Amino acid sequence: MRGETVPSSNPRYRKYHARVSLRRRVARRGDPCAICGKSIDYSLPRGHPMAYELDEIVPISRGGSPTDPDNVQPTHAICNRKKGNKLIDERDAIDLGIPTSRDWWSE
Ligand SMILES: [Zn+2]
């Protein structure tokens with residue numbers, strides 16, 4: 001049973017702790033960015049566009065787990081942001097009922 005080794009009566013704290021230790025574990029592998037394939041400088045501070053970010057392969061909003069080691073990958077902060085935008089443009093627009101370019105032609 002991975003990720004369930006921290007004894008705590010507070011499930012919220014336990015989840016937070018699991019996420020922090022998973023973040024550290026992935027950083028220790030030193031893998032390149034899962035989106036652009038370039039190396040990540042894991043010493044960059046948070047908020048830097050090229051800093052390390054832990055990305056969920058299946059988003060939490062789609063039922064993915066933020067603490068499953070098989071569902072996370074390291075990315076640059078800026079690459080992760082770009083990926084998010086792309087998802088909204090191409091897929092979530094339909095889910096959210098935002099008019100796509102095709103609707104302009106039907107009038
Ligand atoms: Zn990248």
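**Notebook: strands, loops and a helix**

I began with one pair of residues and found that Glu53 has Thr75, in strand 2, as its bridge partner. I then looked at the two strands as a whole, and strand 1 and strand 2 pair in the antiparallel sense over five bridges. I note here that what I am reading is a predicted model.

**Entry on the whole chain**

I looked up the elements next and found three helices and two strands in the chain, which follow the pattern α-β-β-α-α when read along the sequence. I also checked burial, and buried residues make up 10% of the 107 residues in the chain. For contacts between residues with a separation of 6 or more, I noted that 48% of them join residues 24 or more positions apart.

**Entry on confidence**

I looked up the confidence of the prediction before going further, and the mean pLDDT of the chain is 80, with 71% of its residues at 70 or more. Which element has the lowest mean pLDDT, and which the highest? Helix 3, residues 101-106, has the lowest at 51, whereas strand 2, residues 72-76, has the highest at 95. I remind myself that where pLDDT is low, the predicted coordinates should not be read in detail.

**Entry on strand 2**

I asked whether strand 2 is enclosed or open to the outside, and I found that it is largely enclosed by the rest of the structure, because four of its five residues are buried. To be counted as buried, a residue needs 20 or more other C-beta atoms within 10 Å of its own.

**Entry on the loop between the strands**

I turned to Pro59, which lies in the loop between strand 1 (52-56) and strand 2. Pro59 counts as partly exposed because it has 15 C-beta neighbours inside 10 Å. I then compared places in sequence and in space: Pro59 and Asn71 are twelve residues apart in sequence, and their C-alpha atoms are 8.8 Å apart.

Gly64 is also placed in the loop between strand 1 and strand 2, and I counted it as partly exposed, because it has 13 C-beta neighbours inside 10 Å. Which residues does Gly64 touch, not counting residues up to four places away in sequence? I found Glu56, Ile57, Val58, Pro59 and Asn71.

**Entry on helix 1**

I looked up helix 1, residues 11-29, and found that its 19 residues reach 27 Å from the first C-alpha to the last, which is close to the 27 Å expected at 1.5 Å a residue. Just after helix 1 comes Gly30, and its phi is positive, near 70°.

Inside helix 1 I picked out Ala27, which is partly exposed because 15 other C-beta atoms lie within 10 Å. Leaving out residues up to four places away in sequence, Ala27 touches Tyr42 and Tyr52. The second of these partners, Tyr52, is 25 residues from Ala27 along the chain, and the C-alpha atoms of Ala27 and Tyr52 are separated by 8.0 Å.

**Entry on the loop after helix 1**

My last residue was Arg46, in the loop between helix 1 and strand 1. Is Arg46 buried or exposed? I found that Arg46 counts as exposed, because it has 8 C-beta neighbours inside 10 Å, and a residue with 12 or fewer falls into that class. I also noted that Arg46 and Ala77 are 31 residues apart in sequence, while the distance between them is 8.7 Å from C-alpha to C-alpha.

Key: Residues numbered from 1 in each chain as written. Predicted model: local features only at pLDDT ≥ 70, side-chain atom pairs only at ≥ 80, totals over all residues. Contact = placed C-beta atoms within 7 Å. pLDDT = per-residue confidence, 0-100. Expected span 1.5 Å × (residues − 1). Pairing = 2+ DSSP bridges.
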